[in-house]
Amino acid sequence: MAGITRTAEAVWEGTGKEGSGTLTTPSGVLPGTPYSFARRFENAPGTNPEELIAAAHAGCYAMQLSHFLAENGTPAERLEAKAVVTLVPGTGITGSALMLTGTVPGIDEATFRELANKAKEGCPVSKALGAIDISLDAKLA
């Protein structure tokens, strides 16, 4: 089976601190979405690479866990996953903390935690982020 590819384009103009750029994806989800130093390091409105990594990690993790829960015969009613990506200026991204609340009828706490950890290790974005620490706080609703 051939690999699946996804693309995104970044255009940056100017210096790192004073410049700005746009992010565009073929799907149209990011149609020339602006980003800048202030959006990244000073919490100005807009997106930034770390926010996009957090969204990708939370989404991938929830989808992977949903698959494992269905395989277990205990499909989820609802999974609420949040990822908090930490960027240390001058060092880089140092971690991604996953927080999960799941509504999963018919599952016991131990099995839920086992599958939650298996999904943390197995989701493709976790694997891509393998060089950083990924923590998990999972609970049943």
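Here are some questions and answers on how the labels for this structure are earned.

Q: What kind of model is this, and how are its residues numbered?
A: It's a predicted model: local features need pLDDT of at least 70, side-chain atom pairs count only at pLDDT 80 or more, and totals for chains, interfaces and linings use all residues. Residues are numbered from 1 along each chain as its sequence is written, and side-chain values use heavy atoms, with hydrogens and water left out.

Q: Why is Gly 95 called buried?
A: Buried means under 20% relative accessible area (exposed is over 50%, partly exposed is in between, with a 1.4 Å probe and protein chains only). Gly 95 has 10% relative accessibility, so it counts as buried.

Q: Where is Gly 95, and what is it in contact with beyond its neighbours within four places in sequence?
A: Gly 95 sits in strand S5; strands are DSSP runs of E with at least two residues, helices are runs of H or I with at least four, and both are numbered from the N terminus. Contact means heavy atoms within 4.5 Å. Leaving those sequence neighbours aside, Gly 95 touches Val 84, Val 85, Thr 86, Ile 132 and Asp 133.

Q: How do you know that the span of helix H3 agrees with what it should be?
A: The expected span is 1.5 Å times one less than the number of residues. H3 has 14 residues (109–122), so it should span 20 Å, and its end C-alpha atoms are indeed 20 Å apart.

Q: Which residues of H3 are buried, and what do they pack against?
A: The buried ones are Thr 111, Phe 112, Leu 115, Ala 116, Ala 119 and Lys 120. They pack against helix H2 (49–71), strand S5 (92–103), helix H4 (124–128) and strand S6 (133–140).

Q: What makes S2 and S3 a pair?
A: Two strands pair if DSSP finds at least two bridges between them. Strand S2 (residues 20–24) and strand S3 (residues 31–36) are joined by five bridges and run antiparallel, so they pass. Thr 22, for instance, stands opposite Pro 34 in S3.

Q: What lies between S2 and S3 in their hairpin?
A: There are six residues between the strands, and in this hairpin Gly 28 takes a positive phi near 90°.

Q: What is the strand order in the open sheet, and which strands are its edges?
A: Three strands form the sheet in the order S1-S2-S3, with antiparallel pairing. Strand S1 (9–13) and S3 are the edge strands, because each pairs on one side only.

Q: How many bridges link S1 and S2?
A: Five bridges, in the antiparallel sense. Here Val 11 stands opposite Thr 22 in S2.
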